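User: Hello! I would like a close look at one part of this protein, with its surroundings described as you go.

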Amino acid sequence: MSKQGSKRSALLLLLGVFVLPLLLAKLVLDLNWYQGGITNRGKLLDSPLTPEWLSELGGGEQGQWRLIYLLPEHCDSACQGALFNLRQVPVAVGAGQTRVDSTVLIAESAQASLSTEIQSHLAGIHLLSIPPHVVAQMQTFEFGTKAIYIADPLGNVMMAYPLVSDKNAILAQGKDVLRDLKRLLKVSKIG
C-alpha cells in the first residue's frame with residue numbers, strides 16, 4: 001500500500017507543480033496585483049474617440065498622425081508651451097515628418113480676435129476654424145480642452161498630454177510626445 005500511496009503523492013506533487021503557478025497567476029491578475037510595464041508617456045484615453053468632424057475638417061493630408069490642440073480664448077503659458085511643442089515635435093520626428101501633422105483648432109468666434117503674438121506662435125501649424133458644437137464635443141474629452149491629443153490616421157483620438165506651464169515641464173512634455181509618436185510611427189502599419 002505504501003507503493004500505491006507514494007504513486008498517488010507523486011502524481012499530486014506533479015499536478016501541483018503545473019497547476020499551482022497557473023492558479024497563482026490567475027489570482028494575481030484578477031486582483032490587479034500586477035501592474036504591467038507602461039512604455040507610453042502620454043495618457044491613453046479609456047476608450048478611443050472617433051469624432052466625425054476630425055475627418056470632415058481636413059487640414060493636412062489624409063492618413064497622417066495628428067497632434068490636436070484647441071486654442072483657448074486666452075493663451076497663457078501652458079497654451080504657449082503647447083503651441084511650442086506642436087511646432088517642434090513634427091520637425092523632430094525626422095524622416096517621418098511627412099506622416100505627422102500638427103493641427104490647432106480655433107473656435108469660429110475667437111478667430112477674429114487672435115493677437116499678433118499668438119499668430120506668431122501659430123506659424124507652421126495647420127489652423128482649422130471649428131463650429132461651437134465641435135468645441136462642446138472637445139470639452140467632453142477625458143482631459144477637456146486642456147491637453148494635446150494624438151489622433152491616428154483613421155481619426156481615432158487615443159492619447160492625451162495634459163498641459164503643463166513650467167518651462168522645464170513643457171520641454172519634458174515635448175520629449176514625451178516625440179518619444180510616443182516615434183514609437184507609434186515605427187510600429188504603425190497605417191499613416
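Which residues does Leu 71 touch, not counting residues up to four places away in sequence?

Analyst: Happy to take you through that part. Please keep in mind that this is a predicted model.

Leaving out residues up to four places away in sequence, Leu 71 touches Cys 79, Leu 83, Val 104, Leu 105, Ile 106, Leu 114, Ile 118 and Leu 122. Together with Leu 83, Leu 71 touches the most other members of the largest nonpolar core, a set of 28 residues. Several elements each supply at least two residues of this core: the strands E2 (65–70), E3 (100–107), E5 (147–151) and E6 (157–162), and the helices H3 (77–92) and H6 (167–187). There is also a second, separate core of 19 residues, with Trp 53, Ile 68, Met 138 and Ala 151 among them.

Leu 83, the partner of Leu 71 in that ranking, deserves its own visit. Leu 83 sits in helix H3 and has a relative accessible area of 0%, so it counts as buried. Apart from neighbours within four places in sequence, the contacts of Leu 83 are Tyr 69, Leu 71, Cys 75, Val 104, His 121, Leu 122 and Ile 125. One of these, Tyr 69, is 14 residues from Leu 83 in sequence, and their C-alpha atoms are 8.3 Å apart in space. Val 104 and Leu 122 appear among the contacts of Leu 71 and again among those of Leu 83.

The two leucines also bring us to a pair of cysteines. Leu 71 touches Cys 79, while Leu 83 is in contact with Cys 75. Cys 75 and Cys 79 are joined in a disulfide, with 2.0 Å between their sulfur atoms, and the structure holds one such link. A disulfide is a covalent bond between the sulfur atoms of two cysteines. The angle about the S-S bond is -95°, and the link of Cys 75 and Cys 79 is left-handed. Both Cys 75 and Cys 79 are buried.

Leu 71 has another role to show you, in the lining of the largest pocket. Leu 71 is one of the five lining residues closest to the centre of this pocket, the others being Leu 70, Pro 72, Glu 73 and Thr 145, out of 17 residues in the lining. The space in the pocket comes to about 280 Å³. E2 and H3 each supply at least two of its lining residues. By class, the lining comprises ten nonpolar, four polar and three charged residues.

Following H3 onward, we come to the loop between H3 and E3, where Val 93 is found. Val 93 has a relative accessible area of 9% and is therefore buried, the limit for that being under 20%. Among residues beyond four places away in sequence, Val 93 touches Val 100, Leu 178, Leu 181, Lys 182 and Leu 185. Its C-alpha atom is 22 Å from that of Leu 54, 39 residues away along the chain. Gly 94 is found in that loop between H3 and E3 as well, but Gly 94 is partly exposed, with 35% relative accessibility. From Gly 94 to Leu 22 there are 72 residues in sequence and 45 Å in space, C-alpha to C-alpha.

Another loop, the one between E5 and E6, holds Gly 155. Gly 155 counts as buried because its relative accessibility is 12%. Its contacts, leaving aside neighbours within four places in sequence, are Leu 49, Thr 50, Pro 51 and Leu 54. Leu 181, which touches Val 93, is 26 residues from Gly 155 along the chain, and the C-alpha atoms of Gly 155 and Leu 181 are separated by 15 Å.

One last stop is a backbone detail. Most residues other than glycine have a negative phi. Asn 32 has a positive phi of about 55° although it is not a glycine. This asparagine, Asn 32, lies in the loop between helix H1 (2–30) and strand E1 (43–49). Asn 32 is exposed, with a relative accessible area of 56%, whereas Leu 83 is buried.

Definitions and conventions: Residues numbered from 1 in each chain as written. Predicted model: local features only at pLDDT ≥ 70, side-chain atom pairs only at ≥ 80, totals over all residues. Heavy atoms only, no water. Helix = DSSP H or I, 4+ residues; strand = E, 2+ residues; numbered from the N terminus. Buried < 20%, exposed > 50% of the residue type's maximum accessible area, 1.4 Å probe, protein only. Disulfide = S-S within 2.5 Å. Core = buried A, V, L, I, M, F, W, Y, C linked by side-chain atoms within 4.5 Å. Contact = heavy atoms within 4.5 Å. 1 Å grid on protein atoms, 1.4 Å probe; cavity = no way out; pocket = protein on both sides within 12 Å on 5 of 7 lines; lining within 4 Å. Points joined across faces, edges and corners; volume = space filled by probe spheres on them. Nonpolar A, V, L, I, M, F, W, Y, C, P; charged D, E, K, R; others polar.
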